[in-house]
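Here are some notes from my pass through this one. Have the viewer open while you read, and go point by point.

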Amino acid sequence: MKLFVCLALIAVVGVQALTDEQKEKLNKVGKECREQSGVSQELIDKARNGEFVEDAKLKAQMLCVSKKVGLTDDSGNINVETLKTKVKKVVDNDSEVDEIIEKCAVKRNTPEDTAFFTYKCLYENKPKFSPVD
Ligand SMILES: *[C@@H]1O[C@H](CO)[C@@H](O)[C@H](O)[C@H]1NC(C)=O
């Protein structure tokens, strides 16, 4: 039980693990994308706290951010090598990195869904993951 509480705490604190610089970069990219996607701040805040609401605007926002940071290419496919580099920054184990990529970088029906589910999966596995350096 104690271990569980402890792990839960780590998970929660992990959410705040982005550095100020990362947050700033993410905010900047996010702001540019919001002009296109029209997503509400509320849904963005929720997603940052791990609640990924299935919403078309939020998905469009995630695809836009993903493209801007180079995680998604122009055809809407995940740039696996770039993703791997970023995951490696928060995972200190190459086999684990490969497992996470295999599990999370899954192509869905639309580029929006792909971006959405990839981030959701990354967040659930590695809350410290940051799409920006
Ligand atoms: C690295 O990750 C793999 C797969 O999750 C695991 O089996 C292995 O024990 C890990 N190695 C280390 C050194 O933590």
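1. Start with the ligand, and keep in mind that this is a predicted model. A polar side-chain atom of Glu 99 sits 3.4 Å from one of the ligand's oxygen atoms. For Asn 93, the distance from a polar side-chain atom to a ligand oxygen is 2.5 Å.

2. Who else is around the ligand? Asn 93 and Glu 99 are joined there by Ser 95 and Glu 96. As for coverage, the ligand on its own has 360 Å² of accessible area, and the protein covers 33% of that.

3. Sorted by class, that shell holds two polar residues and two charged ones, with no nonpolar residue in it.

4. Now the fold. Seven helices and zero strands make up the secondary-structure count, so to speak an α-α-α-α-α-α-α pattern when you read along the sequence.

5. Some whole-protein numbers: 37% of the 133 residues are buried. The accessible surface is about 8,200 Å², and carbon and sulfur atoms account for 51% of it. Of the contacts with a separation of 6 or more, 57% link residues 24 or more positions apart.

6. Have a look at Lys 59, in helix H4, which spans residues 56–68. Is this lysine buried or exposed? Lys 59 counts as buried because its relative accessibility is 10%, and the cut-off for buried is under 20%.

7. What does Lys 59 touch? Leaving aside residues up to four places away in sequence, its contacts are Glu 54, Glu 112, Asp 113 and Phe 116.

Conventions: Residues numbered from 1 in each chain as written. Predicted model: local features only at pLDDT ≥ 70, side-chain atom pairs only at ≥ 80, totals over all residues. Heavy atoms only, no water. Near = heavy atom within 4 Å. Polar contact = N/O pair within 3.5 Å; in protein donor to acceptor, adjacent residues only side chain to side chain. Areas by Shrake-Rupley, 256 points an atom, 1.4 Å probe, with all protein chains shown as cover. Nonpolar A, V, L, I, M, F, W, Y, C, P; charged D, E, K, R; others polar. Helix = DSSP H or I, 4+ residues; strand = E, 2+ residues; numbered from the N terminus. Buried < 20%, exposed > 50% of the residue type's maximum accessible area, 1.4 Å probe, protein only. Contact = heavy atoms within 4.5 Å.
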